[in-house]
Amino acid sequence: MLCRAALSPVVRSPGWCFVSPPQAIAAIPCSYPPRHNQRLRNEPIRFWSNIPFLTVPLSRAHGKPFAHRSELKHAKRIVVKLGSAVVTRGDECGLALGRLASIVEQVSMLQNQGREMMIVTSGAVAFGKQRLRHEILLSQSAVPVLEARACAAAGQSGLMALYEAMFTQYSICAAQILVTNLDFHDEQKRRNLNGTLHELLRMNIVPIINTNDAVVPPPEPNSDLQGVNVISVKDNDSLAARLAVEMKTDLLIVLSDVEGLFDSPPGSDDAKLIDIFYPGDQQSVTFGTKSRVGMGGMEAKVKAALWALQGGTSVVIANGTHPKISGHVITDIVEGKKVGTFFSEVKPAGPTVEQQGEMARAGGRTLAALQPEQRAEIIYRLADLLTDQREEILLANKKDLEEAENKGRLALPLLKRLSLSTSKLNSLAIGLRQIAASSKDSVGRIIRRTRIAKDLDLEQVTVPIGVLLVIFESRPDCLPQVSALAIASGNGLLLKGGKEAAHSNQILHHLVQEALSIHGVKDAVQLVNTREEVEDLCRLDKLIDLIIPRGSSQLVRDIQKAAKGIPVMGHSEGICHVYVDTDASVEKVTRIIRDSKCEYPAACNALETLLIHRDLLRTPLFDQIIDMLRVEQVKIHAGPKFASYLTFSPSEVKSLRTEYGDLECCIEVVDSVQEAVEHIHKYGSSHTDVIITENEEMAEFFLQHVDSACVFWNASTRFSDGYRFGLGAEVGISTSRIHARGPVGIEGLLTTKWLLRGDNHVVSDFSEHGTMKYLHESLPLPQRNTN
């Protein structure tokens, strides 16, 4: 039989139908919602369950599978295969209701976005096993060994009733179809099945398909995988693959109880998850045993996936049981996120980002083992290359600028960041030479020595953090700066630059690798050129030890949110204050404020809030400040107190916690230096804050009491910078209170380890009745190299 439901009269309940053959479907009086997908494709963006509908085109010509994960968001027709381990509880008796409810919610969301969803489900045997055991216990009979076919017969109706109840919550109609392998060998039945499924999808109904385990015969050996029209339906993996190809499906999602395909059995010490799997890579995989339930193991899933891929359907195998990811695994896959194993026919020319991470790890360890003079020599060589190859660099940068201007995707301040010049390259080279000069006493420096006991000496020494991931936006000059700091501190480095600086980043990275090659550590610095999304990179907690975002406060927040178990070093926002005290010098005030606000308003160390002592209102000094801001075309927003003093005031500020990043600032009034400090603590971001005064006592009070990473007296906020601090460069400015703070140079990229040198020492010798006593004597440190 093609469709077991075809034998029975139509049975319907709200939101769910058993279906008849195709010719009868149009007459079914089932109540289901209107065609959401037809309506949504022609209307503005709408929301469903607080999640916006996608606006990407969902129609595509079927033939070739998607080449990259990022293209999965264009998938229109999707099959979701739910393995037995996903649907059933750990005791194999009954269903995992929470997981199933989450899956139904995700499928419903995608269906309401205008996609055509189909489910291939397991679970009838487990549901029936639970039900039959319950019945047997109620009859006080001995519990026999339950036969799988009987369990399937008893559980199928309950499984469908459960799907009915769940899909009804989202106004989705579902239909049941049961098939066996024999249904695919009869051409007429195959055509009937195809017609039934197409009609269901046309009517916005979600087909729920299962093998008819109550009558299914044992699988017959045949010539599987010899062509796209030949595959035996031995289990739900092969059924899902067969249906995906027959229905010209864009995407097949196979959910199991493992994260995806590993190169060796999951759980083994060296097992690595394969991000992208290509036809022909089977020899690189060692398959383990099948899952605790179900008929097929991972080898069966891979065979089915490759068969579907050959037939033009993209495939992802992922974990549908992990409590932290199963609630959004399906939607994450469709959004193109790095979840599970993606099957692709297109193999990239370069290494994967996982391979790049491993290369950076190995290269970084080799780099750290070099002599300090060798690391310095690499950085000096890079500085020379920046000036020697400046024509090639500027030519590549010109391409980036032309493309950005033609596409109109960058504002003027960002174009300024993107632009390189001869003077910028010269300044970069000077900064790199400063880094090289200061790097000779960084890695391996002894910072503490203690004699624990006789002949037992302890040292604390500086070591690299490991592998850094630095994500930067339209600032190609960041690449050589960060690379030099990573080289000086012996860290491996992954760089992810913005697309707008692709040409500039490419040539600069080439020069970095050329410099590294003089000591054979070319792999230590890697530029990520694959289509990896930032959120996916932030999940590589086994490869990356620290993430450093360099860009807008929004970028920093996004990365902090996306990071999965990896520390993030960055500033939350750059809400910098300048406080003008009553004893401020007239000559200094306007110069410092102009430089802090107008020299580079998009920088994170630019002035955003100007605090003025109340006694300065309606004085010539105050008038000079306002006149200067007007000349510089700075838009002024009034704080609540400032507004209360004025008859006609600028627009009152919406929030005192605003980072404008442009020629705008807030002016607020305070009554004292103490109130200025309190205001900064309440509304600031602990980045950079300044006092302008000639009163040394007031200045020292401000310097000691303001709890920010950088606190200045009579100096522009713009001095908050690694190069200006004499660090050569910075990987960023940190407002964190753990580890590095402020502009982060070489010291901020180091951690420590402890070295203990003994001579047959054991702890038991130091017990109450032992023969040794602790000394804990501080020992002098070796002289530092100050050259």
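Which residue takes a positive phi in the hairpin of strand 13 and strand 14? The residue is Asp455, with a phi near 65°.

## The model and its confidence

This is a predicted model. The mean pLDDT of the protein is 83, and 83% of the residues reach 70 or more. Over residues 1-56 the pLDDT is below 50, and this stretch has 109 contacts in the model beyond near neighbours in sequence.

A further stretch with pLDDT under 50 covers residues 221-230. For residues 221-230 the model has 19 contacts beyond four places in sequence.

## The hairpin of strands 13 and 14

Strand 13 covers residues 446-453 and strand 14 covers residues 456-464. The two run antiparallel and are joined by six bridges. Two residues lie between the strands of this hairpin. Within the pairing, Arg451 stands opposite Asp457 in strand 14.

Strand 13 also pairs with strand 28, residues 777-778, in the antiparallel sense, over two bridges. Here Arg451 stands opposite Glu777 in strand 28. Arg451 therefore appears in both pairings, facing Asp457 of strand 14 and Glu777 of strand 28.

## The four-stranded sheet

Four strands form an open sheet in the order 17-16-15-18, with parallel pairing. Strand 17 (525-527) and strand 18 stand at the edges; each has a single partner strand, so one side of each is left without a neighbour in the sheet. On average, neighbouring strands of this sheet are turned by 20° against each other, direction ignored.

Strand 15, residues 467-472, runs parallel to strand 18 and is joined to strand 18 by five bridges. In this pair Leu468 stands opposite Leu546 in strand 18. Two helices lie across strands of the sheet. Helix 18 (residues 502-516) lies across strand 15 and strand 17, running at about 160° to strand 17. Helix 20 (residues 553-562) lies across strand 15 and strand 18, and runs at about 160° to strand 18.

## The six-stranded sheet

Another open sheet has six strands in the order 21-22-20-19-23-24, again with parallel pairing. Its edge strands are strand 21 (635-638) and strand 24 (710-713), each of which pairs on one side only. Neighbouring strands of this sheet are turned by 20° against each other on average, direction ignored.

Strand 19 (residues 576-580) and strand 23 (residues 688-692) run parallel and are joined by four bridges. Val580 stands opposite Ile692 in strand 23. Helix 24, residues 673-683, packs on the sheet and touches strand 19, strand 20, strand 22 and strand 23. The direction of helix 24 makes about 170° with that of strand 19. Helix 21 (residues 586-598) lies across strand 19, strand 20 (607-613), strand 22 (664-670) and strand 23, running at about 155° to strand 20.

## The second largest pocket

The second largest pocket holds about 1,100 Å³ of space. Its lining has 45 residues, and the closest to the centre of the pocket are Arg475, Arg550, Tyr600, Ala603 and Asp721. The elements that give two or more residues to this lining are helix 15 (412-418), helix 16 (422-438), strand 18 (546-550) and strand 25 (733-734).

Helix 16 gives the most, with five residues. By class, the lining of the second largest pocket has 16 nonpolar, 16 polar and 13 charged residues. Strand 18, one of the contributing elements, is also an edge strand of the four-stranded sheet.

## The cavity

Rolling a probe the size of a water molecule over the atoms shows where empty space is left. The structure holds one cavity of 30 Å³ or more. The largest cavity has a volume of about 30 Å³.

The largest cavity is lined by Asp237, Leu252, Val254, Lys301, Ala304 and Ala305. Strand 9 (251-256) and helix 10 (298-310) are the elements that give two or more residues to this lining. Helix 10 gives the most, with three residues. The lining of the largest cavity divides into four nonpolar, no polar and two charged residues.

Definitions and conventions. Residues numbered from 1 in each chain as written. Predicted model: local features only at pLDDT ≥ 70, side-chain atom pairs only at ≥ 80, totals over all residues. Heavy atoms only, no water. Axes fitted to C-alpha atoms, helices over the stretch in contact; angles between N-to-C directions. Contact = heavy atoms within 4.5 Å. 1 Å grid on protein atoms, 1.4 Å probe; cavity = no way out; pocket = protein on both sides within 12 Å on 5 of 7 lines; lining within 4 Å. Points joined across faces, edges and corners; volume = space filled by probe spheres on them. Nonpolar A, V, L, I, M, F, W, Y, C, P; charged D, E, K, R; others polar. pLDDT = per-residue confidence, 0-100.
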